[in-house]
Amino acid sequence: MIVIKRNGSRQEFDEAKIRSSIEITSDEIKQPMSSGDLNYAVKAIVKRIKEGRRDEVLSRDIHMIVVGELICEGFYDVAKAYDESVKSLVHR
């Protein structure tokens, strides 16, 4: 699956990037997620992304799925921090 980034570039989907960004975000806000919680969240996120059965996906759609799944799993503060960090990158 190809991810279409906000700047129009394309790259292969890599769930490790999602895992890393969630882990970094949770660590930065001093609410580190356990490896089990992180694995479960990433698995749910990847499942939702792949449910679309598309060859391409927009990075902003991935962003919304990540935030939504983190909220569903009860990681409200991590979801909020992730959302804010991604939005700040977009506005640079």
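Lysine 30 is found in the loop between α1 and α2. The model described here is predicted. Lysine 30 is exposed, with a relative accessible area of 72%. Its backbone carries a positive phi of about 60°, although lysine 30 is not a glycine. Most residues other than glycine have a negative phi.

The loop between α1 and α2 also holds serine 34. Serine 34 has a relative accessibility of 40% and therefore counts as partly exposed; the partly exposed class lies between the limits of 20% and 50%. Serine 34 was also compared in position with alanine 79. The two are 45 residues apart in sequence. In space, their C-alpha atoms are 15 Å apart.

Helix α2 follows, covering residues 35-51. The length of α2 was checked against its residue count. At 1.5 Å a residue, its 17 residues should span 24 Å. The C-alpha atoms at the ends of α2 are 24 Å apart, which agrees with that expectation. The expected span takes 1.5 Å times one less than the number of residues.

Several residues of α2 are buried. These are Leu38, Ala41, Val42, Ala44, Ile45, Val46 and Ile49. Their cover includes two other helices, α1 (15-28) and α3 (59-72). Just after α2, arginine 53 adopts a positive phi of about 45°.

The strands were examined next. Three of them form an open sheet, in the order β2-β1-β3. The pairing in this sheet is mixed. The edges are taken by β2 (10-12) and β3 (56-58). Each edge strand has a single partner, so one side of each is left without a neighbour in the sheet. From one strand to the next, the twist averages 30°.

Strand β1 comprises residues 2-4. Three bridges join β1 to β3, and these two strands run parallel. Valine 3 has valine 57 of β3 as its bridge partner.

Helix α3 connects the description of the sheet with that of the helices. α3 lies across β1 and β3. With respect to β3, α3 runs at about 70°. Helix α3 is also included in what covers the buried residues of α2.

How values were computed:
Residues are numbered from 1 along each chain as its sequence is written. This is a predicted model: local features need pLDDT of at least 70, side-chain atom pairs count only at pLDDT 80 or more; totals for chains, interfaces and linings use all residues. Side-chain values use heavy atoms; hydrogens and water are left out. Helices (H or I, at least four residues) and strands (E, at least two) are DSSP runs, numbered from the N terminus. Buried means under 20% relative accessible area, exposed over 50%, partly exposed in between (1.4 Å probe, protein chains only). Contact means heavy atoms within 4.5 Å. Two strands pair if DSSP finds at least two bridges between them. Axes are lines fitted to C-alpha atoms, for helices over the stretch in contact, and angles run from 0 to 180 degrees between N-to-C directions.
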